[in-house]
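Me: I would like to go through this model and ask what each label rests on. Please set each value against its cut-off.

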Amino acid sequence: MSPGEKLDPLPDIFILQPPVFHPVVPYVTTIFGGLRAGKMVMLQGMVPEDAHRFQVDFQCGCSLHPRPDIAIHFNPRFHTTKPHVICNTLQHGRWQAEARWPHLTLQRGASFLILFLFGNEEMKVSVNGQHFLHYHYRLPLSRVDTLGIFGNILVEAIGFLNINKVPCSCALPRGLWPGQVIVLRALVLSEPKDFTLSLSDEAAHVPVTLRASFADRTLAWISPWGCKKLISAPFIFYPQRFFEVLLLCQEGGLKLALNGQGLGAISLHQQALEQLRELRISGSVQLYCVHY
């Protein structure tokens, strides 16, 4: 590479940002690729019984001195006689006019799921599946590259998401080979029935099927002949809960991990792995990203 030559930017499908589980607050992290319209940030956790306030800041940098601009400051306050949320923007060390939302749906001692959805001109926020507020950008969204979480909050999971429709089908033009990883991130719907991930070849044979059944709370591999092989592990799929599935291709089969915990493997000949041509996801989930 010659001096001064610039690398082409990576396509977004190559920018992989794993979810974060149980971070210690205060917590500051880089948002890979920054924010843009169509991205979503999920925050799952609980408000302590004695909470006064917490804040989620979408920052333009992470320096301490000078303090970075904050494009979006989301600040629930519980210690007042009328709990509420403040949104604001910090530019050049000065706060702008506050925007206030009463009737705070977050409660002390209760768990929550907050989704921050970024559009072209504003951010929308939902709390526990219900729309709560929208906030018009006062600084360009493209400047945001850092997430900061501070105050009285217990965080269970943070997800950086892209929305996709289910059922979803993804082509595997080269099949699978040792070392390749498939990563899927999704949110279980409020009244789930099942979730299925399958891999099929050019002849539409389906040698690999992973299925979670909410009726009997089981996770199993399903053979092409319909035989079920139960996976011995705690059932982690809960309504309105985020999860991650990881499949690692290795010689002789696929290794499975859920939320970072290894759950064994399924045997498959290398020739069969190389002949796989389609990844399909269906069921009672909201799919945010698939990387392979």
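Reply: The turns below take the chain as a whole, then two groups of strands, then a cavity; the model is predicted.

Me: What does the secondary structure of the chain come to, and how much of the chain counts as buried?

Reply: The chain has one helix and 24 strands. Of its 292 residues, 48% count as buried. The C-alpha trace spans about 60 × 60 × 30 Å along its principal axes.

Me: Why is H84 called buried?

Reply: The cut-off for buried is under 20% relative accessible area. H84 has 6%, so H84 is buried. H84 lies in strand β6, residues 84–91.

Me: What makes β6 largely enclosed?

Reply: Seven of the eight residues of β6 are buried, so the strand is largely enclosed by the rest of the structure.

Me: What makes the pair H84 and R100 a polar contact?

Reply: A polar contact needs N or O atoms within 3.5 Å, one able to donate a hydrogen and the other to accept it. The side chains of H84 and R100 make such a contact at 3.1 Å, so the distance is within the cut-off.

Me: How do you know that β6 pairs with β5, β7 and β8?

Reply: Pairing requires at least two bridges. β5 (residues 69–77) and β6 have six, in the antiparallel sense, and H73 has N88 of β6 as its bridge partner. β6 and β8 (residues 99–101) have three, also antiparallel, with I86 opposite R100. β6 and β7 (residues 94–95) have two and run antiparallel, with L90 opposite W95. Each count meets the cut-off, so each counts as a pair.

Me: How many residues lie between the strands in the hairpins of β6?

Reply: Six residues lie between β5 and β6. Two lie between β6 and β7, and in that hairpin H92 takes a positive phi near 55°.

Me: Which strands of the sheet β22-β21-β20-β15-β24 are called edge strands, and why?

Reply: The sheet is open, with five strands in antiparallel pairing. β22 (261–267) and β24 (285–291) each pair on one side only, and they are the edge strands. On average, neighbouring strands of this sheet are turned by 20° against each other, direction ignored.

Me: How do you know that β20 pairs with both β15 and β21?

Reply: The same test applies: at least two bridges. β15 (residues 181–188) and β20 (residues 242–250) have seven, and V183 has L246 as its partner in β20. Six bridges join β20 to β21, where V245 is partnered by L258. Both counts meet the cut-off, so both are pairs.

Me: What makes β21 largely enclosed, and how does it join β22?

Reply: Five of the six residues of β21 (residues 253–258) are buried, so β21 is largely enclosed by the rest of the structure. β21 and β22 pair in the antiparallel sense over five bridges, with L254 opposite I266. Two residues lie between the strands of this hairpin, and N259 takes a positive phi near 50°.

Me: What makes the space lined by L258 and others a cavity, and which class prevails in its lining?

Reply: A cavity is space where a 1.4 Å probe fits but cannot get out. One cavity of 30 Å³ or more is counted, and the largest cavity holds about 40 Å³. A233, P234, I236, L258, Q261 and L263 line the largest cavity. Its lining has five nonpolar residues, one polar and no charged.

Notes
Residues are numbered from 1 along each chain as its sequence is written. This is a predicted model: local features need pLDDT of at least 70, side-chain atom pairs count only at pLDDT 80 or more; totals for chains, interfaces and linings use all residues. Side-chain values use heavy atoms; hydrogens and water are left out. Helices (H or I, at least four residues) and strands (E, at least two) are DSSP runs, numbered from the N terminus. Axes are lines fitted to C-alpha atoms, for helices over the stretch in contact, and angles run from 0 to 180 degrees between N-to-C directions. Buried means under 20% relative accessible area, exposed over 50%, partly exposed in between (1.4 Å probe, protein chains only). On a 1 Å grid over the protein atoms alone, a cavity is a set of points where a 1.4 Å probe fits but cannot get out, and a pocket is an open set with protein on both sides within 12 Å along at least five of seven lines; lining residues have an atom within 4 Å of a point. Grid points are joined across faces, edges and corners, and a volume is the space filled by probe spheres set on the points. Ala, Val, Leu, Ile, Met, Phe, Trp, Tyr, Cys and Pro count as nonpolar, Asp, Glu, Lys and Arg as charged, and the others, Gly among them, as polar.
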